[in-house]
Amino acid sequence: MNGLEAAAPAAGRAAEQARFRRERRRAALAQLVRTVGTVVIALVFGFVITLFVSDRPVQAYLALLTGPVSSAARVGTWIEDATTLTMLGLSIAVVFRAQQFSLLAEGQLYLGALAAGIIALKVPAPAPLHLAIAVLGAAAAAFAFGLIPGALKAYYGANEIVSTLMLNVVAVRTYDLLLTYWLKPPGAGYTWSDPFPPSAVFTRFLEGSRINTALFVAAALVVLTWFLVYKTPLGYELRMVGANLEFARYGGIDVRRTIMLSMALAGIPAGLAGAHLAMGVHQRLLLNISLGLAFEGIVVALMAGNHPLLVPLAALLYSYLRIGGDIMERTAAVGSDIVRVIQATIILFITAELLVGVSRRRQARRTADAAG
């Protein structure tokens, strides 16, 4: 084979890879456009509802749309909230990539916060090391917790929705128990721990807000999750298991191991979300530290189409609506229920879009089968 003949297959592979990258970028851009369009439609729908429930609908909606950026403190609240939602959205995106409908992020968040709090309060260490140990402890606790429903699903066929919901209760009650009877200082008026030492907290860097250096941890997680999903053999296995379980098994992928790892790896960003709440936002442990925030991470992941690079944008958008709804409620006497209506509309639109995608894939499969 001469040099020209050897170069031809290499050129073909390069062209195929370039075509694949173009299609992937086009799909991500289309997802972004669809998401923004969905939100715009939902906002219009919400405004129509506001016309019926408020005497000052324009003022109320202006509060919703401009309130989060009307002061530095509100911008800080918005970014702080979006940081947590980004981590939770990444967690959900990873596990959804493997078509595992795990709802364990809430429990993993609580265990991450608990592990970080115990290390911060009970394990003395010098400043840089203390923070690092607490962060790693939060990630490790959530990772290990995710192995339980993963093993139940992979080896015993347990329904992951039921098992993860039940395990969430275990995690939250364990957190409440240890906080109430071990970590709460005697005589404290509230059920919370002592403040964490300065060596074990994320540094706040914007005066008047609780934005902290966990923001950079979230940014790093976005890149690492994207790298895991699209640039590693494990990420390929996750996507193959999610696309077609039987095909993945036929292709030699260890499906059981992949399912277990998908739930465990999803725990790392969820556990770090708990560390962010404990070590950055509140800088102590307290009851109801999440208030179901992890379930809103599902909406963020769906809005992003489970694409890691789009999760921060979806989190910023969703958090903006949350903060704007609170401001609208306080300043324009409109209940935050209107925001819940908008959020529900977004979920419905996106769910409908997913159903369309499933229908198209089934139709394509039937066409391919008919063609032999």
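## A tour of an all-helix chain

Start with helices α4 and α6: α4 passes α6 in a left-handed crossing. This is a predicted model.

**Stop 1: α4 against α6.** Select residues 105-122 for α4 and residues 160-183 for α6. Their axes come within 7 Å and cross at roughly 25°. Angles under 35 degrees count as roughly parallel, and α4 and α6 are therefore roughly parallel to each other.

Now show the side chains at this contact. On α4, pick Glu-106, Gly-107, Tyr-110, Leu-111, Ala-113, Leu-114, Ile-118, Leu-121 and Lys-122. On α6, pick Asn-168, Ala-171, Val-172, Thr-174, Tyr-175, Leu-178, Trp-182 and Leu-183. Colour the selection by class: the contact has 12 nonpolar, 3 polar and 2 charged residues.

**Stop 2: Leu-221.** Move to helix α7, residues 214-231, and centre on Leu-221. Is Leu-221 buried or exposed? Its relative accessibility is 10%, so Leu-221 counts as buried.

Which residues touch Leu-221, leaving aside neighbours within four places in sequence? Select Met-87, Leu-90, Pro-269 and Leu-272. Then draw a distance between the C-alpha atoms of Leu-221 and Pro-269. The viewer should give 7.2 Å, for a pair 48 residues apart along the chain.

**Stop 3: α11 against α12.** Select residues 293-303 for α11 and residues 311-332 for α12. Here the axes come within 8 Å and cross at roughly 125°. The helices α11 and α12 are therefore oblique to each other. Their crossing is right-handed.

Show the contact residues next. From α11, take Leu-293, Glu-296, Val-299, Val-300 and Met-303. From α12, take Val-311, Ala-314, Ala-315, Leu-317, Tyr-318 and Arg-322. Class colours give 9 nonpolar, no polar and 2 charged residues in this contact.

**Stop 4: the whole chain.** Zoom out and switch to cartoon. The chain has 13 helices and 0 strands. Read along the sequence, the pattern is α at every element.

Colour by burial next. Of the 372 residues in the chain, 48% are buried. Turn on the surface: the chain exposes about 18,400 Å². Carbon and sulfur atoms supply 67% of that exposed area.

Finish with a contact map. Take contacts between residues at least 6 apart in sequence. What share of them joins residues at least 24 apart? The share is 76%.

Note on methods: Residues numbered from 1 in each chain as written. Predicted model: local features only at pLDDT ≥ 70, side-chain atom pairs only at ≥ 80, totals over all residues. Heavy atoms only, no water. Axes fitted to C-alpha atoms, helices over the stretch in contact; angles between N-to-C directions. Helix = DSSP H or I, 4+ residues; strand = E, 2+ residues; numbered from the N terminus. Parallel < 35°, antiparallel > 145°, perpendicular 65-115°, else oblique. Left-handed = near helix turned anticlockwise from the far one by under 90°. Contact = heavy atoms within 4.5 Å. Nonpolar A, V, L, I, M, F, W, Y, C, P; charged D, E, K, R; others polar. Buried < 20%, exposed > 50% of the residue type's maximum accessible area, 1.4 Å probe, protein only. Areas by Shrake-Rupley, 256 points an atom, 1.4 Å probe, with all protein chains shown as cover.
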